[in-house]
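Colleague: I would like to learn how to read a model of this kind feature by feature. Could you take me through the general idea each time and then show me the case at hand?

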Amino acid sequence: MRHPWRRLKSALPILAIVVLAGLLSGCGGPFPQSGLRPASDFARSLDELFRGIFFWAVIVFVLVEGALLVAVFRFRDRQGKRAAEHVHGNTILEISWTIAPAIILVLIAVPTIRTIWEVDRPTTDPDALLIEAVGRQWWWEFRYPELGIVTANEIHVPVGRTVDIRLTSADVIHSFWFPRAGGKRDVIPGHENQLWFKMDSVGVFPGQCAEFCGMSHALMKMEMVSESVEDFEAWVAQQQRPALGTGDTAPPAQPQEVAEGEEVPEPQADPLDAGLRAVLEAGNQAFLGSGCIACHRIAGTVAAGVLGPDLTHIGSRRTIAAGILENTPEEMARWLRDPGAVKPGALMPTLNLDEDTIRTLVAYLESLK
Amino acid sequence: MSVSEASHDTAGTAAVHEGTYSGGLWSWVTTVDHKRIGIMYAVFAFFFFLVGGLEALLIRIQLGSPESTLIDPDLYNQLFTMHGTTMVFLAVMPLSAAFFNFMVPLQIGARDVAFPRLNAFSLWVFVFGALFLNSSFLFGGAPDAGWFGYANLTSTQYSPGVRIDFWVLGLQILGVSSIAAALNFIVTIINLRAPGMSLMRMPLFTWMTFVTSFLLILAFPAITVGLVLLMFDRTFGTSFFNPAAGGDVLLWQHLFWIFGHPEVYILLLPGLGIVSEVIPTFSRKPLFGYPFVVYSGILIAFLGFGVWAHHMFAVGLGPIGNTVFSATTMLIAIPTGVKIFNWIATMWGGSLRFKMPLYFAVGFIAMFIIGGLSGVMHSSAAADLQQTDSYFVVAHIHYVLFGGVIFALFSGIYYWFPKITGKMLSEGIGKAHFWLMIISFNLTFFPQHYLGMHGMPRRTFTYQEGLGFEAMNLMSTIGSLVLGFSILIFLWNVFHSLRKGESAGPDPWGGATLEWAIDSPPPHYNFRVEPVVHSRDPLWAEGGLDVDVNDPTAPEPHMPSPSLWPCILAFGLVLAAIGAVAKALLIVLLGAGVVVAAIYGWAFQPLER
């Protein structure tokens, strides 16, 4: 009989491939959407819990697969000479390998239940910032009811302050998931769900819908801009202003928050030169004239549609089409030419606009900051 | 060791029993012989396994590179929906049914199942239902709302057209087949066991068939209720799942998963049964802890009804619900672990003969452990908030259902192929099949754990560049292509062995259970003389069986005559479904007419001519 270790050698190529596959699996970085790179209190508690479970899983894996391998190599009988022991069972063994996993499961269950009661209950933070997220085929609407802001696909949150997100759906079931901010929560028509977390890092974090919701589910993405309190407040102030070029070219009104303190806002000069103003007015006319207003809203104009994203500050967003396209004039034009080519099944119809109208509209929309 | 090895002239009896499979196409369509029905189940199931596999390969090719435009999202969504639906209902379940059919009567020493015509009916309902479901590709597209069909995406508002109608009706038809088969096997196992075979002497595979059959009749009504409600919503404008009219979309999820989780064990338990047969045979040692293996199977099935909401940890059940379902889910790990430990203990101290069935059984245990451990990770409701609906779950289910169930089913195929066909499968080709399959399986699915944890959601037709998903997806795609190739090697093995394979003889492996006491393939009446059983491993008993079950001087048993009615009845059911999809009342009524006529024909046709 050959030594068991020498027999193991025959399995080495296989082991090598499996280990290599495991190592290679880690490649590809830097994983901006990874649940293993927590950036909030919520994500951190899930991560810590997962690592604890993973630790036990590795131990069980090594022990049980090890026992299997030893059995396979030690009791292998190539010549058919060894006589098998005819045992039928052993009650002590049975009881012990029933109890051993039970103990490990208790060690997993205790932190699990503790974490469930931590993350599955409403937040008790009185200072939490309320945000309403509405899932729609296939984009996200974000509303800040306390601040009077409506935006789409781009959620801004202040670092270090709890955000309390209320989730509803306008059509089918979606799931709200920013892996680096924590676990997912389904967005269900007819139910209001809730999720809260406190970001602890500044940055732009990608997220996307995690429940199959129809044709372009894979393209229902979003971004979270986690920023310092000052940057967040600046963003709030900007979003609260009526957009430039919304027909009313008077200097924008200053929001209350920024106007506090000794700094008295100076009346701003009209930022629009005559040429730009012409483009904007033409764009405004084109926007009002090509049916856009049936679905979209631009605060301060007659456009008050509610089916599509609010475009009041579209020019200030990093991306368009639910995180699929960068917000550049070229991509905006591409979207306007044929939305269905970018996002199959999108509710926005192909408007058959001529290139001049598209140019006008793009200039107009990009100016809405 | 086995009595049949000593007392039988293999070559001679093989010629005598050629009649088992002779006869033209008509004899197969009208057959009520459990062995022929088993073979047809296997052939159709394997065909749909290839179809589902092809769908999987198209999915993987699309995901091989970021933002690929090879397959548009409309087709992709049909492919992943049909891949899941096909593998669950048209491949794995009927492949298990093939073994139920062929092996259970042989293992309990019976001449057939309790209701041979009902058995044929189950087969034809499955075959016609499967063709009906897949015909949707030709009529406006296949179902595209996922195999789980979450409401309200399946409503007429969000899924107009006939795609979902095909799914709703197809699954109801397949449910009829499963319930009829399950009742048949329960009655068979309770009533037709050979004298002396008490429940606690039944072979493990028969035991797991028995448990699975109960799961089927208890789980399918839940999805049937859901499907009927959905059919009413879609056809008659009711609002069970319409939130705008006071319906609740979560009702569907509860109904579906009360079926859906036991369904996982419906897929798994037959495989556990197969492995529990193969390991003792090739360890030359009785199964360690037989009663514990039996009870743990029952316990898994029982607990399987109390864990459905672990598929719903992200829906916001609240802390109490999530705690309860986390705890019940974790409990399942205990009986599952008991089974694994008992298999290892069976091998321990044994005399392991590494033939292909044992290769696949050991491969099964090794992969199933990984799937079980990732399952424990999901059972933690909080940790699962990151994992659910990500590729981590895709990896998990494939370690359980491919690394687990498919490996176990291949173990069963290599183990019983000689019994079914009278020919041995080639060990050499088998090894190539096994090693290629287990390596490429891991290459395909192991990286998906990382993909999920790094934030890739499942059921997405593409992913954007820059998220770090490219390399692992490419690995997975390459693995899947090799995996597909390994299945072709298996097919080659089957064709090669059917033509040139070694003759098997009654008992090529030295098995302990009754099926090895008769010829391969068995004569159409199985046992000429009813066996009498005195122990769990009757063929390993001192002196073997005490009756000659093949005694040529005994009178030849009468067997039931063939009948076409089960096939016609099945056709009538599907005809009615075709009418329902086409919204043609006339065809529905015609189908109903065929059903009624076939029931009459069936009832008045004498059992034996």
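**Reading the two chains**

Modeller: The secondary structure of chain A comes to 10 helices and 12 strands, whereas chain B has 18 helices and 0 strands. Please keep in mind throughout that this is a predicted model.

Colleague: How should I read the confidence, and what are the mean pLDDT values of chain A and chain B?

Modeller: The general idea is to begin with the chain average and then look for the local exceptions. Chain A averages a pLDDT of 87, with 84% of its residues scoring at least 70, while chain B has a mean of 94, with 97% of its residues at 70 or more. For the model as a whole, ipTM is 0.92 and pTM is 0.92.

Colleague: Where in chain A is confidence lowest, and where is it highest?

Modeller: The lowest mean in chain A, 44, belongs to helix 6 (residues 256–259), and the highest, 98, to strand 6 (residues 174–176). Over residues 247–267 of chain A the pLDDT stays under 50, although the model has 24 contacts beyond four places in sequence for that stretch. In chain B, residues 1–16 likewise stay under 50, and there the model has 27 such contacts.

Colleague: What can be said about the overall dimensions of chain B, and how does its radius of gyration fit a compact globule?

Modeller: One sets the computed radius beside the value expected from chain length. A compact globule of 609 residues would have a radius of gyration near 25 Å, and chain B has 24 Å, so the two agree. Its C-alpha atoms fill a box of roughly 75 × 60 × 45 Å along the principal axes. Buried residues make up 64% of chain B, and among its contacts between residues at least 6 apart in sequence, 82% join residues at least 24 apart.

Colleague: What are the corresponding figures for burial and long-range contacts in chain A?

Modeller: In chain A, 37% of the 369 residues count as buried, and residues 24 or more positions apart account for 66% of the contacts with a separation of 6 or more. Chain A is divided into domain 1 (4–11 + 33–80 + 88–119) and domain 2 (241–249 + 272–366), whose C-alpha centres lie 55 Å apart.

Colleague: How many residues of each chain are in contact across the interface, and which helix of chain A gives the most to it?

Modeller: It helps to go from the totals to the contributing elements and then to the residue classes. Here 86 residues of chain A are in contact with 84 residues of chain B. Helix 2, helix 3, helix 4, strand 7 and strand 9 of chain A each supply at least two residues of the side that touches chain B, and helix 4 gives the most, with 15 residues. That side of chain A divides into 50 nonpolar, 23 polar and 13 charged residues.

Colleague: What span should helix 4 of chain A have, and what covers its buried residues?

Modeller: At 1.5 Å a residue, the 29 residues of helix 4 of chain A should span 42 Å, and the end C-alpha atoms are 42 Å apart, which agrees. Its buried residues include Trp97(A), Ile104(A), Leu105(A) and Ile108(A), along with Glu94(A). What covers them includes helix 3 of chain A, together with helix 10, helix 11, helix 12 and helix 13 of chain B.

Colleague: How should I read unusual backbone geometry, and where is Arg284(B) found?

Modeller: One notes the angle, then the setting of the residue. Arg284(B) has phi near 55 degrees, a positive value in a residue other than glycine, and it is found in the loop between helix 9 and helix 10 of chain B. Asp389(B), also not a glycine, has a positive phi of about 60 degrees and lies in the loop between helix 13 and helix 14 of chain B.

Colleague: Why does Arg284(B) count as buried, and why does Asp389(B)?

Modeller: The cut-off for burial is 20 or more other C-beta atoms within 10 Å. Arg284(B) counts as buried because it has 23 such neighbours, and Asp389(B) because it has 24.

Colleague: Which peptide bond ending at Pro521(B) is cis, and where is that proline found?

Modeller: The bond from Ser520(B) to Pro521(B) is cis, with omega near -10 degrees, and Pro521(B) is found in the loop between helix 16 and helix 17 of chain B. The bond from Ala151(B) to Asn152(B) is cis as well, with omega near -5 degrees, and Asn152(B) has its place in the loop between helix 6 and helix 7 of chain B.

How values were computed. Residues numbered from 1 in each chain as written. Chains lettered and ligands numbered in written order. Predicted model: local features only at pLDDT ≥ 70, side-chain atom pairs only at ≥ 80, totals over all residues. Contact = placed C-beta atoms within 7 Å. Helix = DSSP H or I, 4+ residues; strand = E, 2+ residues; numbered from the N terminus. Nonpolar A, V, L, I, M, F, W, Y, C, P; charged D, E, K, R; others polar. Rg over C-alpha atoms; globule rule 2.2 N^0.38 Å. Buried ≥ 20, exposed ≤ 12 C-beta atoms within 10 Å, placed from the backbone. Expected span 1.5 Å × (residues − 1). pLDDT = per-residue confidence, 0-100. Domains from an automatic or database assignment.
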